[in-house]
Amino acid sequence: MTLRISVIGIGYLGAVHAASMAELGHEVIGLDVDRDRVAALQAGHAPFHEPGFDELLQRGLDSGRLRFTSDYAELADADVHFLGLGTPQLADGMGADLGHLRSAIASLTEVLPARGGAPTLVVGKSTVPAGTSRELAATLEQVDGARLMWNPEFLREGFAVQDTLVPDRLVYGVPSGDEQDERVAMLDAVYAPILERGVTRLVMGYEAAELVKASANAFLATKISFINAVAEMCEATGADVTDVSRALGMDDRIGAKFLRAGLGFGGGCLPKDIRAFLASAEDHGVGDALGFLREVDAVNGRRRTRMVALAEETLGGLEGRRITVLGAAFKPDSDDVRDSPALEVASRLRAAGARVTVTDPEALRTAQRRIPGLCTVPDTQDALRDAELVLLLTEWREYRDLDPVATADLVASPRIIDGRAVLDPQAWREAGWEFRALGRPD
Ligand code: UGA
């Protein structure tokens with residue numbers, strides 16, 4: 001069944017969702033107040049790097065089932081509205097800013113009465129503190145026929161299209177009561193092709209759905225900080241964290257994923273989401289329950305500090321020293337530099353007087369926007385030339401595959417610090433490098 005769908009907020013999450021819904025056969029209109037973004041998407045230009053997205057966008061546009069607008073009036077006849085708006089960190093550095101969501105709901109309440117009470121489903125996808133859906137529903141549901149569900153999104157950058165079309169599970173947050181079945185059936189109709197592939201959907205209350213998402217990201221962040229805390233112990237005792245992590249991961253109960261030690265987590269989600277989760281727990285009077293997330297954040301921050309200290313120690317001072325940083329994105333296969341550990345280290349080294357050159361296959365434009373004046377060199381070989389120290393901070397494949405022998409010929413002094421524990425220490429040492437790594441013995 002083809003449904004008329006709108007996606008409000010076509011940032012990363014919303015744009016991928018809109019194009020994916022068109023791929024499923026629906027008629028989709030994406031809305032954003034940012035007219036440049038609307039124009040770019042309408043012209044088939046993805047405003048971010050995401051494998052597979054350009055093709056998906058183009059297919060949607062070519063099919064005539066996908067278009068973009070800035071005008072709420074054009075959404076009036078949609079049966080289902082998805083909310084893909086961001087919930088950035090508040091200026092207090094902790095809680096989530098719900099301003100964009102609240103204003104989208106306010107705009108919807110102006111256009112929805114034109115449907116004359118016909119059933120209209122509004123589906124939140126953003127990461128929000130528990131209690132948000134209930135608050136938004138109280139406003140929205142004053143419009144005859146309008147109903148809210150919360151359906152958190154779990155996509156990962158770099159795998160966004162695959163994660164949207166073949167998710168691990170679908171979570172539906174909906175209050176129990178008379179209309180629950182009706183709402184669930186409507187969202188099932190949207191996701192029918194996904195459900196037919198055997199994907200499980202779980203129906204639960206609003207708060208549980210909100211908490212699934214907050215706790216998933218908190219768990220992932222905790223797992224990363226756990227292994228990075230172990231890495232600190234490895235550094236203190238002379239153990240190699242990759243040995244520990246590999247053996248730990250073979251226990252099925254623990255699992256190998258998200259157990260890679262290194263410079264820690266960044267991006268637009270994990271760092272802000274753990275802080276918002278903690279702030280929300282405090283608001284609910286149970287801050288102690290999630291107090292460990294403060295430690296998770298602290299362990300994560302200490303890895304960046306340790307990397308700067310290692311660079312300084314290796315060079316015997318930073319002032320005027322030529323350092324090449326491999327990687328600017330917060331993780332490989334992304335051009336996103338929000339809270340990027342690599343970029344923060346680069347910027348701290350610059351502040352300490354080092355001459356830093358940053359290279360990255362995709363993220364140099366976004367990096368320069370974030371740090372004006374940053375010295376960036378697109379070609380890896382050019383960037384490495386004459387370096388006194390190389391730091392591998394984002395583990396793009398081409399950096400993992402660097403040949404230590406050929407690379408030694410490019411640099412001024414063969415010294416490298418592997419911030420992601422992905423290089424083979426023996427191979428680099430045999431090629432004459434002074435090789436150091438986070439969590440591994442010198
Ligand atoms: C994260 C979650 O993984 C998604 O499930 C979630 O939907 C998304 O946030 C969101 O809330 O929108 P993402 O931010 O794309 O996705 O990135 P991740 O793949 O989770 O990586 C986060 C950071 O952890 C990266 O900086 C990565 O380098 C780091 N990381 C990851 C490690 O340091 N070690 C690991 O073992 C794994």
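1. Glu157 is buried in this predicted model, because 25 other C-beta atoms lie within 10 Å and a residue counts as buried from 20 upwards. Glu157 is located in the loop between β6 and α6. Beyond residues up to four places away in sequence, Glu157 touches Glu50, Gly267, Ser334 and Asp336. Glu157 is also one of the closest residues to the ligand.

2. Phe154 likewise belongs to the loop joining β6 (146–150) and α6 (160–165). Phe154 counts as partly exposed, because it has 17 C-beta neighbours inside 10 Å. When neighbours within four places in sequence are left aside, the contacts of Phe154 are Asp163, Pro167, Asp168 and Ala216.

3. Phe154 and Glu157 both appear in the UniProt record under "binding site", in an unreviewed entry. The other positions listed there are Leu155, Arg156, Lys213, Phe258, Leu259, Arg260, Ala261, Gly262, Gly266 and Lys331. The annotated residues are spread over 178 residues of sequence, and they are spread in space as well, with up to 24.4 Å between C-alpha atoms.

4. The ligand is surrounded by 21 residues. Alongside Glu157, the closest are Arg260, Phe265, Gly267 and Cys269. By class, ten residues of the shell around the ligand are nonpolar, six are polar and five are charged. Helix α9 (residues 206–237) is the element that gives the most to this shell, contributing three residues.

5. Where does the ligand lie with respect to domain 1 (4–204) and domain 2 (238–437)? The ligand lies between them, because both domains give residues to the shell around it.

6. The largest nonpolar core holds 64 residues, of which Ala311, Ile323, Val325 and Leu391 touch the most other members. Helix α9 supplies the largest share of this core, with seven residues. Thus α9 figures both here and in the shell around the ligand. In soluble globular proteins, nonpolar side chains tend to be buried together.

7. Val325 merits a separate remark. Residues up to four places away in sequence not being counted, Val325 touches Ala342, Ala346, Val356, Val358, Leu391 and Leu393. Of these, Leu391 is itself among the core members with the most contacts to other members. Another core, of 52 residues, lies apart from the largest one and includes Leu13, Leu75, Ala78 and Leu112.

Terms used: Residues numbered from 1 in each chain as written. Predicted model: local features only at pLDDT ≥ 70, side-chain atom pairs only at ≥ 80, totals over all residues. Near = placed C-beta within 6 Å. Helix = DSSP H or I, 4+ residues; strand = E, 2+ residues; numbered from the N terminus. Nonpolar A, V, L, I, M, F, W, Y, C, P; charged D, E, K, R; others polar. Domains from an automatic or database assignment. Core = buried A, V, L, I, M, F, W, Y, C linked by C-beta atoms within 7 Å. Buried ≥ 20, exposed ≤ 12 C-beta atoms within 10 Å, placed from the backbone. Contact = placed C-beta atoms within 7 Å. UniProt positions renumbered as here; feature names shortened; annotations may be inferred.
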